[in-house]
Amino acid sequence: MLVDRFGRPVTNLRISLTHECNLNCFYCHREGQTLNFQEMSPEEIERIVRIASKLGVKKVKLTGGEPTVREDIVEIVRRIRPYVVDLSMTTNGTTMNILGEALKDAGLDRVNISLDTLDRNKYKEITGFDVLPQVIKGIKKAVRLFSPVKLNMVVMKGLNDDEIWDMVDYAAQNNAVLQLIEIEVPREMENSWFFKKYFYPLKPLEEEFQKIAIETKERRMHRRKKYFIPTKYGTAEVEIVRSMHNTVFCANCTRIRLTSSGHLKTCLLRKDDLVDIVTPIRNGASDEELIEIFKKAILMREPYWK
Ligand SMILES: Nc1nc2c(ncn2[C@@H]2O[C@H](COP(=O)(O)OP(=O)(O)OP(=O)(O)O)[C@@H](O)[C@H]2O)c(=O)[nH]1
Ligand SMILES: C[S@@+](CC[C@H](N)C(=O)[O-])C[C@H]1O[C@@H](n2cnc3c(N)ncnc32)[C@H](O)[C@@H]1O
Ligand code: SF4
Ligand code: SF4
């Protein structure tokens, strides 16, 4: 297993399959990727996952952009399935109703679906598209096919913070896990109008959850807390993703990233951390050479908030 200079083992790989998206959420960090070169092919992705698995990576997350806008998404899932223990995807859910079965058959284990609001107008305001009913259909399909299904709600001050408790109920009612997420931006954007206007700190809510939860758990990754909250629809499992200025979160970061243009990336929020792996593949690099490229990237890893 690869361990970085800060003692953090690297056990999962987060792959951005594309920079493209069929929605346009105004807060989107696009996984920290700004460059948009030629996307990796399914064969290239498979090779990188195979190498990563040799080095101890057991979990792969597929993300984007929107991973399901790639026409070869089912093939990609099928190719990398054999190398990992936990294969998941984060998606906006717009295509889940159509693609769900094929993704399941190809070996996808689970999905996270972004859902910031249950209000159709607000959904359109946030994402630019009037597709909430389509996403809700996708969520219902996902819950029938996968377990767990997580719903990602980025909480924004004055925009959807009044819906947190409705979302807790909705998750319980629909047999899904709710992830409440703080908006995250790199340091240089903390003074932007956008961050100042919408950032909603989740710490006070966590303190409230602590009091009413019937059980709490802590995950290894990021030491994220999970709260089991009683509702009239049964117990809701709620996970808190509170990353801004959170040194514990970064000290327990077990992820390395791969951009859609084929660069290893050591941290979501850094700008100076890309290591090209796809060009060496295209130039005929051996497995040993690719392993050295992984090691070089791991050496560059640093907690962002420390
Ligand atoms: N700062 C930071 N944020 C992350 C990291 N990983 C995920 N996030 C954020 O966490 C939120 C949820 O991300 P998902 O793509 O659903 O994945 P996840 O919840 O981290 O992964 P699983 O729990 O394994 O499904 C998003 O807002 C991500 O931007 C990370 O390593 N660093
Ligand atoms: C970048 S999206 C890519 C996958 C897919 N398109 C989706 O929306 O689920 C991955 C996750 O990051 C979240 N996200 C995007 N920008 C964010 C930001 N600035 N702060 C916190 N989370 C963010 C999204 O809500 C989504 O749940
Ligand atoms: S759907 Fe996902 S990738 Fe697309 S804009 Fe929204 S958060 Fe970003
Ligand atoms: S070091 Fe921190 S900010 Fe960077 S990817 Fe890991 S958890 Fe996220």
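**View 1. R255, a buried residue of strand 10.** With 20 C-beta neighbours inside 10 Å, R255 counts as buried. The cut-offs run as follows: a residue is buried if 20 or more other C-beta atoms lie within 10 Å of its own, exposed if 12 or fewer, and partly exposed in between, with C-beta atoms placed from the backbone. This is a predicted model: local features need pLDDT of at least 70, side-chain atom pairs count only at pLDDT 80 or more, and totals for chains, interfaces and linings use all residues. Residues are numbered from 1 along each chain as its sequence is written, while chains are lettered from A and ligands numbered from 1 in the order in which they are written. R255 sits in strand 10, residues 255-258. Strands (E, at least two residues) and helices (H or I, at least four) are DSSP runs, numbered from the N terminus. Leaving aside neighbours within four places in sequence, R255 is in contact with N12 and R14. Contact means that two C-beta atoms, placed from the backbone, lie within 7 Å.

**View 2. K61 and the annotated binding site.** Which residues does the UniProt annotation "binding site" cover? The unreviewed entry lists R14, K61, T90, K150, R255, I256 and R257. UniProt positions are given in the numbering used here, feature names are shortened, and annotations may be inferred rather than shown by experiment. K61 lies in strand 2. Is K61 buried or exposed? K61 counts as buried, because 20 C-beta neighbours lie inside 10 Å. Residues up to four places away in sequence aside, K61 touches N12, R14, I15, S88 and T90.

**View 3. An open sheet of 12 strands.** The strand order is 7-8-9-6-5-4-3-2-1-10-11-12, and the pairing is mixed. Two strands pair if DSSP finds at least two bridges between them. Strand 7 and strand 12 (274-276) stand at the edges with a single partner strand each, so one side of each has no neighbour in the sheet. From one strand to the next, the twist averages 25 degrees. Strand 1 (residues 12-16) and strand 2 run parallel, joined by 5 bridges. R14 has K61 as its bridge partner in strand 2. Helix 11 (residues 287-300) packs on the sheet, where it touches strand 10, strand 11 (263-265) and strand 12. The direction of helix 11 makes about 175 degrees with that of strand 12. Axes are lines fitted to C-alpha atoms, for helices over the stretch in contact, and angles run from 0 to 180 degrees between N-to-C directions.

**View 4. The shell around ligand 1.** The shell holds 15 residues, and T90, N112, I181, V241 and S243 come nearest. A residue counts as near a molecule if its C-beta atom, placed from the backbone, lies within 6 Å of it. Strand 2 (59-63), strand 3 (86-91), strand 5 (149-155) and strand 6 (177-182) each supply at least two residues of this shell. By class, the shell around ligand 1 has 4 nonpolar, 7 polar and 4 charged residues. Ala, Val, Leu, Ile, Met, Phe, Trp, Tyr, Cys and Pro count as nonpolar, Asp, Glu, Lys and Arg as charged, and the others, Gly among them, as polar.

**View 5. The surroundings of ligand 3 and ligand 4.** Ligand 3 is surrounded by 4 nonpolar, 6 polar and 2 charged residues. Among them are C21, C25, C28, G64 and G65. Which classes surround ligand 4? Its shell has 8 nonpolar, 2 polar and 1 charged residues. They include H222, S243, C250, C253, R255 and C267.

**View 6. Unusual backbone geometry in four loops.** Most residues other than glycine have a negative phi, and most peptide bonds are trans. A cis peptide bond joins G64 and G65, with omega about 20 degrees. G65 lies in the loop between strand 2 and helix 2 (73-80). The bond from S147 to P148 is also cis, with omega near -5 degrees. P148 is in the loop between helix 5 (132-145) and strand 5. R223 is not a glycine, yet its phi is positive, near 50 degrees. R223 lies in the loop between strand 7 (215-218) and strand 8 (225-231). H245 has a positive phi too, about 55 degrees. H245 belongs to the loop between strand 9 (234-241) and helix 9 (247-251). R223 is partly exposed because it has 13 C-beta neighbours inside 10 Å. H245 is partly exposed as well, with 14 other C-beta atoms within 10 Å.
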